[in-house]
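Here are a few exercises to work through with the model open beside you. Try each task first, then follow the solution.

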Amino acid sequence: AKENGRGKFCLFSAEMNQRVFEYIWLDTNLRKALEHQQLVIHYQPKIDTNGHVDSAEALVRWNSPERGLVPPASFIPYAEESGVIVPLGRWVLLSVLAQIAEWRRKGINLRIAVNVSPRQLIDHSLYNELKKALEDAQLTGCPLDIELTESCLIENEEQALAVMQLFRQLGAQIHLDDFGTGYSSLSQLTRFPINAIKLDQSFVRGVNLQPVSQSLVRAIVAVASALDLCVIAEGIETVEEDKFVIANGVNIRQGFLHAKPMSAEALEHWLKQRK
Ligand code: C2E
Ligand code: CA
Ligand code: CA
Ligand code: CA
């Protein structure tokens, strides 16, 4: 503890110093990354019960000249805190739409799921931008699944509901991400216009060996099917996990067992090879 000029004490640890430094580094460099096109989008396929590719999830990465390929977990939280997530998220959405349009010209028809942060959801311009981008890209229908987390719904209930309804009107689907890890109640599943829930990886990991996870997965699937919601299991890494979730009514599977996130080009190649 260190005494400051006014006789008050403040804690100033090396760890805090490091965090402040990291925050400033990210704040400056993330904006630059956006301007200089250092962000890239990878796509991870989702597989339906027939073993066909259902869709893919867009996952952003940062190709930093200083740090190499930076995973989103190390910059999305900062982007959310600082507000850079708004232009960053806009860039992701527009890039995904451009990619979908390009794939359609090549005869590839794929729905893409995009992660949307709470901060983006309360930004009024998002809906109008999306609408215009869909028109510009001349995409018929809206081949987008919007992945929201439970905190999105809790933080701004009314506004979240309004924006979700607008997205639905455009033809997008709403998926509830990381289901079971937040504080949402089951009643939220009926209050919000949700199409699917994504079972969090923590329930899927080793589910074939863990009775508690098994009960949770079965209970969630039961609730979802009563409400006519699709269930997506993420983080499937083993054949045993995959078999368990299929046997217990999960509709869509996503995870390293099936495919890792990959560049758009690699995905095209992967799709060709599967045929
Ligand atoms: P998420 O939305 O829950 O995405 C799933 C994460 O799990 C991804 O990590 C994915 O690569 C990883 N994953 C997929 N299958 C497996 C598996 O079988 N095993 C394991 N261990 N992991 C698997 P990633 O790409 O590092 O993304 C981390 C998080 O960053 C995402 O979690 C999401 O919350 C956020 N994120 C990524 N892209 C965006 C974006 O464009 N916008 C926003 N707002 N958030 C994003
Ligand atoms: Ca997600
Ligand atoms: Ca997730
Ligand atoms: Ca997550």
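**Exercise 1.** Which atom of ligand 1 is 2.9 Å from an N or O atom in the side chain of Arg-61?

Solution. Before you start, note that this is a predicted model: local features need pLDDT of at least 70, side-chain atom pairs count only at pLDDT 80 or more, and totals for chains, interfaces and linings use all residues. Residues are numbered from 1 along each chain as its sequence is written, chains are lettered from A and ligands numbered from 1 in the order in which they are written, and side-chain values use heavy atoms, with hydrogens and water left out.

Step 1: go to the side chain of Arg-61; the atom you want is an oxygen of ligand 1.
Step 2: look for another oxygen contact, and you'll find a polar side-chain atom of Asn-115 at 3.1 Å from an oxygen atom of ligand 1.
Step 3: switch to nitrogen, where a polar side-chain atom of Glu-237 lies 2.5 Å from a nitrogen atom of ligand 1. Polar contacts here are pairs of N or O atoms within 3.5 Å.

**Exercise 2.** Describe the shell around ligand 1.

Solution. Step 1: count the neighbours, meaning residues with a heavy atom within 4 Å. There are 22, and Ser-117, Gln-201 and Phe-256 are among the closest.
Step 2: sort them by class, which gives nine nonpolar, six polar (Gly counts here) and seven charged residues.
Step 3: ask where they come from. Strand E4 (53-64), helix H3 (85-105) and strand E8 (173-179) each supply at least two, and E4 has the largest share, with four. These elements are DSSP runs, at least four residues for helices and at least two for strands.

**Exercise 3.** Trace the calcium ions through their shared residues.

Solution. Step 1: start at the calcium ion (ligand 3), coordinated by Asp-177, Asp-178 and Glu-234 at 2.1 to 2.7 Å. Donors are N, O and S atoms within 2.8 Å of the metal (3.2 Å for Na, K and Ca), and water is not among the atoms, so sites may look incomplete.
Step 2: read the spacing of these donors along the chain, D-D-x55-E. Asp-177 is in strand E8 and Glu-234 in strand E10 (residues 230-234), 57 residues apart.
Step 3: follow Asp-177, which bridges ligand 3 and the calcium ion (ligand 2), 3.9 Å apart.
Step 4: follow Asp-178, found in strand E8. Asp-178 coordinates both ligand 3 and the calcium ion (ligand 4), and these two ions are 3.7 Å apart.

Definitions and conventions
A polar contact is a pair of N or O atoms within 3.5 Å; within protein, one must be able to donate a hydrogen and the other to accept it, and residues adjacent in sequence count only if both atoms are side-chain atoms.
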